[in-house]
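I opened the structure to make a few entries in the notebook. The plan was to go through helix packing, sheet, core, chain contact and backbone oddities in turn.

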Amino acid sequence: MKLKKKISVLDQHDKFGFWGGRFGGNFVPETLKKPINDLEILFNKLKNDEKFLSERDKYFKNWIGAPTRFIKLSNLTRYVGGAEIWSKVVSDANGGAHKIYNATVHCLLAKKSGKKIICGDTGAGYAGKMLSMAAKKFGLKCKIFMGAKDIKRQQPNVKAIRRNGAEIIPVYTGSQTLVDAVSECMRFWVANCDTTAMCVGSTVGPNIFVKICGWSTSQISRELKSQILEEFGAMPKRLKLYNCVGGGSSSFGFWNEFMDYDKKQVEFIGVEAGGPSKSKKHAAPLTYGSKIGILHGAAQYVNQNNEGQIEETESISAGLDYPGVSPLHCFLKDTKRARYTAASDEDALKAFKIVSKYENIRPSLEPSHAFSVAISESKKFSKNTIVIVNSCGDAYKDRNILKKKLGVVL
Amino acid sequence: MIGPISQAFSFAKRENRPALLTYIVAGDNTKKNSLKILKSISKYADICELGFPHNTPIADGGQIQTSSYRAIKNGTKFKDVFKIVESFKKSKFSKPIILMGYFNMVLQYGESKFLKDCKKNKVDGLIIVDLPWPENKKFAKKCKKSSISFIQLISPTTSKNRLKSIIKDSHEMIYYISMLSTTGGKLKVSPFRIISNYKKIKRINPTKNCVIGFGITKKNIKDLKAADGLVVGSAICKEITNSLKKRQNPVTKVSNMVKNLKDKIL
């Protein structure tokens, strides 16, 4: 399995939609074949259309607030005492997380296709919040599917979704988390694909949804690349990009523009959710060697038993609490372009405490996983190593958990 | 040679009625009961579909989800599914049996091993919900080699060109999904429209047995009598759920229901 250069990873799939011949694809009911095909035609046309691109850029700049900051974490660097630690503060984006890019693009596409309703899934509530914001902006009716457990633990985002006028449909099946929300959202789309557009909240799902999401979040690395060149004058000799990985939308977007660099120069480190340190359950299929299976229309490494039943996950971070992972990351793992590891719930909480103590940013529990690994590895790196962590979400949504676990009041 | 599935259709045709196809989930509400249900309904049903339960069924509505979760909770594994098929096939009123489910389960079991065990236990056909055409071409060929019918699905969203290609690659039976819905939705299209769509499929190749499924209940089954076959699934799963709620015997309840369904299409 080999990664090609000078061609976007997003386009390195075969005619059946498989990356590396085995990840991704379209394992969908017959009913969804046509709406998926329609979306493919629309997206393939628009992604090279100058007018559409300038429309996208206009919304990214004026509405989302591109570019988000790229800042040095001087105090944290001094505390850690190793590599230079920087952060791309993607949580600056309108709404407080990277999910806004994908939501905006999906709403633009829905408008072009003449659909009046858009449905989407959410775990941490950010994908749902952003979709409800974008839907409101573009005058679309919006339905958000969310696991009942996540509704309880991510109340600030639930309230925001409702304030934006979207309907939240609680999902009570299975583990009542993201995996069930995605399933229920797909079912809704099967029954309503003639009138409704679907936004999959991460780089998961049937091939075209992986592509649209990755294409949208790549804005992060486009910005970062020029910010790095501006800051350092050239690409640093040793650059390490840390990002949390649940479905994998923020990490893919954070890395995409750096894909062609040698990994000795620009290394990608994906941090999955290891779950509570005392629990056997986790949401880290890449780290713990889960087998390839099919989940939500795509082949990927996924937590499952030997009969092929999808296993329940456990993580303090609702946004990473997903048994599968993007086919793109499976591809990056097997081509050895990216390295994957996991941080536990406790690690993430500790990292949140350290980062928010030394710096004026407050990463949500998802990027706190990435910070945890970045901090512990940075100690061992030379001073001329540049470590960048994507702070892809704001912790306000986690205020109840942080208050309970750390006594922190946001 | 005409396979058991085609024979079942011919038999129904001779009686001037559509074939009745039933769907239950293996292991619902218990492993024993699902075998008992199969045995008791096979007096009335022409072909029996048996679901192997998956816990992330993206194309199924609430009723079949409930049945699937119940079966998984009862510890139903593939070996139990095959055991049920084997015992059913040995029983007095055995009928052609079609296994139905999601591709990940087949993948984890191993495609070749799965087909070998299907053949060994006399499974007649397979419906894999999330393996559409053309992705299913290779697997469908493998099925044919093992003398197992791979059943292609067609939906109201299937384009005309696609329809032709699917029918060309289909085996003896085709499954037409009545409407845009997961299983068990309320029939939101008129039976007249469904039959007229169905006829478009038949016109392309009249020799293929085409069944209609999704949203069929005792209330609307007689309005769809023009089809080669009609599938009732969620309504049966719902009957099992209701009988459990009322502490009634699901075997007798479902058996009576299927008899009733049969009476409506005679």
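Before the helix entry I noted how an axis is drawn: it is a line fitted to C-alpha atoms, for helices over the stretch in contact, and angles run from 0 to 180 degrees between N-to-C directions. I also noted that this is a predicted model.

**Entry: two helices of chain A**

I looked up helix H1 (residues 33-46) and helix H4 (residues 99-113) of chain A, whose axes come within 11 Å and cross at roughly 110°. Since angles from 65 to 115 degrees count as roughly perpendicular, H1(A) is therefore roughly perpendicular to H4(A). On the H1(A) side I listed A:Leu42, A:Phe43 and A:Leu46 as making the contact, and on the H4(A) side A:Leu109, A:Lys112 and A:Ser113. Sorted by class, this contact has four nonpolar residues, one polar and one charged.

**Entry: the sheet in chain A**

I traced an open sheet of six strands in chain A, in the order S3-S4-S14-S9-S10-S13, and its pairing is mixed. Strand S3 (69-72) and strand S13 (338-344) of chain A are the edge strands, each pairing on one side only. From one strand to the next the twist averages 25°.

At the S13(A) edge I checked the pairing with strand S10 (residues 266-275) of chain A, which is parallel and runs over seven bridges. As a point to find on screen, A:Val271 has A:Thr341 of S13(A) as its bridge partner. Helix H13 (residues 345-358) of chain A lies across S10 and S13 of chain A, and runs at about 90° to S13(A).

**Entry: the core**

Which residues touch the most other members of the largest nonpolar core? That core has 217 residues, and I wrote down A:Ile118, A:Leu131, A:Leu241, B:Leu50, B:Tyr176, B:Val211 and B:Leu230. Helix H8 (residues 178-192) of chain A gives the most to this core, with nine residues.

I followed two of these residues. B:Leu230 sits in strand S9 (residues 229-232) of chain B. B:Leu230 has 26 C-beta neighbours inside 10 Å and therefore counts as buried, the cut-off being 20 or more. Leaving aside neighbours within four places in sequence, the contacts of B:Leu230 are B:Pro18, B:Leu20, B:Leu21, B:Val211, B:Ile212, B:Ile216, B:Ile221, B:Leu224 and B:Ile265. I also took one separation: the C-alpha atoms of B:Leu230 and B:Ile127 are 15 Å apart, with their positions 103 residues apart along the chain.

With the same neighbours left aside, B:Val211 is in contact with residues including B:Leu21, B:Met173, B:Tyr175, B:Tyr176 and B:Leu230.

**Entry: a buried helix**

Is helix H9 (residues 207-217) of chain A enclosed or open? I found eleven of its eleven residues buried, so H9(A) is largely enclosed by the rest of the structure. The buried residues of H9(A) include A:Lys211 and A:Asn207 as well as A:Ile208, A:Phe209 and A:Trp215.

**Entry: contact between the chains**

I counted 30 residues from chain B and 31 residues from chain A in the contact. On the side of chain B that touches chain A, the elements giving two or more residues are helix H3 (62-73), helix H5 (103-109) and strand S6 (152-154) of chain B. H5(B) gives the most to that side, with five residues. I classed the residues of that side of chain B as 14 nonpolar, 13 polar and three charged.

**Entry: backbone oddities**

I noted two cis peptide bonds. The bond from A:Ala66 to A:Pro67 is cis, with omega near -5°, and A:Pro67 lies in the loop between helix H2 (50-64) and S3 of chain A. The bond from B:Trp133 to B:Pro134 is cis with omega near 0°; B:Pro134 is in the loop between strand S4 (125-128) and helix H7 (137-145) of chain B.

I then looked up positive phi values outside glycine. B:Asn16 has a positive phi of about 60° and is in the loop between helix H1 (4-14) and strand S1 (19-25) of chain B. B:Asn16 is exposed, with 8 other C-beta atoms within 10 Å. B:Lys122 has phi near 65° and lies in the loop between helix H6 (111-120) and S4 of chain B. With 17 C-beta neighbours inside 10 Å, B:Lys122 counts as partly exposed.

Notes
Residues numbered from 1 in each chain as written. Chains lettered and ligands numbered in written order. Predicted model: local features only at pLDDT ≥ 70, side-chain atom pairs only at ≥ 80, totals over all residues. Contact = placed C-beta atoms within 7 Å. Helix = DSSP H or I, 4+ residues; strand = E, 2+ residues; numbered from the N terminus. Nonpolar A, V, L, I, M, F, W, Y, C, P; charged D, E, K, R; others polar. Pairing = 2+ DSSP bridges. Parallel < 35°, antiparallel > 145°, perpendicular 65-115°, else oblique. Core = buried A, V, L, I, M, F, W, Y, C linked by C-beta atoms within 7 Å. Buried ≥ 20, exposed ≤ 12 C-beta atoms within 10 Å, placed from the backbone.
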